[in-house]
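Colleague: Please take a close look at one loop of this model and at the helices on either side of it, and give the cut-offs behind each term as you go.

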Amino acid sequence: MADVSHHRGDLAGHPDASEMQARYERVLGGRDVVLVDGPVLLVGLYCAVSPWILHFTAAQPALVTHNLILGIAIALLAVGFTVTPERMYGLSGAMCAIGVWMIISPWIVGSSPDAGVIWNNVVIGALTFLLGAMCVAAASKSRRGT
């Protein structure tokens, strides 16, 4: 009778061992940016709640909706980068575009924004652009490696 029991041990003799190892390295090899996923989420969450933190909900109602929507979008990108990095890092460039838009949006979306609102969006935009650029660099590095 054949021995069908499961032996715990080394997988070196498994016929798909080299393929599994290559896939594992491909998926985790581009995860240099794993330290960026958390800050991207935090920037997105802060962007979403910043109108209430800085108390400009009454003075800039259009920017309240704008920051809430873009903050949620940034946070969802961060979740996507964490859950399915091999699919989502292609959208890293979108974070750079969102960052640039956040910098110029107080003058386009807002109406006579004060210095606090401007600085808030400039800092959020700069951080989003920087983190997006880091994601783009990590994505291109992982593509070159495969």
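Modeller: I would start at His55, which counts as exposed because its relative accessibility is 68%, where exposed means over 50% relative accessible area, buried under 20% and partly exposed in between, with a 1.4 Å probe and protein chains only. This is a predicted model, in which local features need pLDDT of at least 70 and side-chain atom pairs count only at pLDDT 80 or more, while totals for chains, interfaces and linings use all residues. Residues are numbered from 1 along each chain as its sequence is written, and side-chain values use heavy atoms, with hydrogens and water left out.

His55 sits in the loop between α2 and α3, and its phi is near 55°, a positive value in a residue other than glycine. Helices are DSSP runs of H or I with at least four residues, and strands are runs of E with at least two, numbered from the N terminus; the protein chain has six helices and zero strands. Leu54 lies in the loop between α2 and α3 as well, and Leu54 is classed as partly exposed because its relative accessible area is 37%.

Leu54 also belongs to a nonpolar surface patch, together with Tyr46, Val49, Trp52, Ile53, Leu68, Ile72 and Leu76, and the accessible area of this patch is about 700 Å² in total. Such a patch joins nonpolar side chains (Val, Leu, Ile, Met, Phe, Trp, Tyr) within 5 Å, from residues with over 30% relative accessible area and no salt bridge, a salt bridge being a side-chain nitrogen of Lys or Arg within 4 Å of a carboxyl oxygen of Asp or Glu. Areas follow the Shrake-Rupley method with a 1.4 Å probe, and for residues only the protein chains shown count as cover. Both α2 (34-53) and α3 (61-83) supply at least two residues of the patch, with α2 giving the largest share, four residues.

On the far side of the loop, the buried residues of α3 include Leu63, His66, Asn67, Leu70, Ile74 and Phe81. The 23 residues of α3 should span 33 Å at 1.5 Å a residue, and the end C-alpha atoms are 33 Å apart, so the two values agree; the expected span is 1.5 Å times one less than the number of residues.

An unreviewed UniProt entry annotates residues 33-54 and 66-84 among its transmembrane regions, although such annotations may be inferred rather than shown by experiment.

How values were computed: Patches are made of residues with over 30% relative accessible area and no salt bridge: like charges are joined within 9 Å, nonpolar side chains (Val, Leu, Ile, Met, Phe, Trp, Tyr) within 5 Å.
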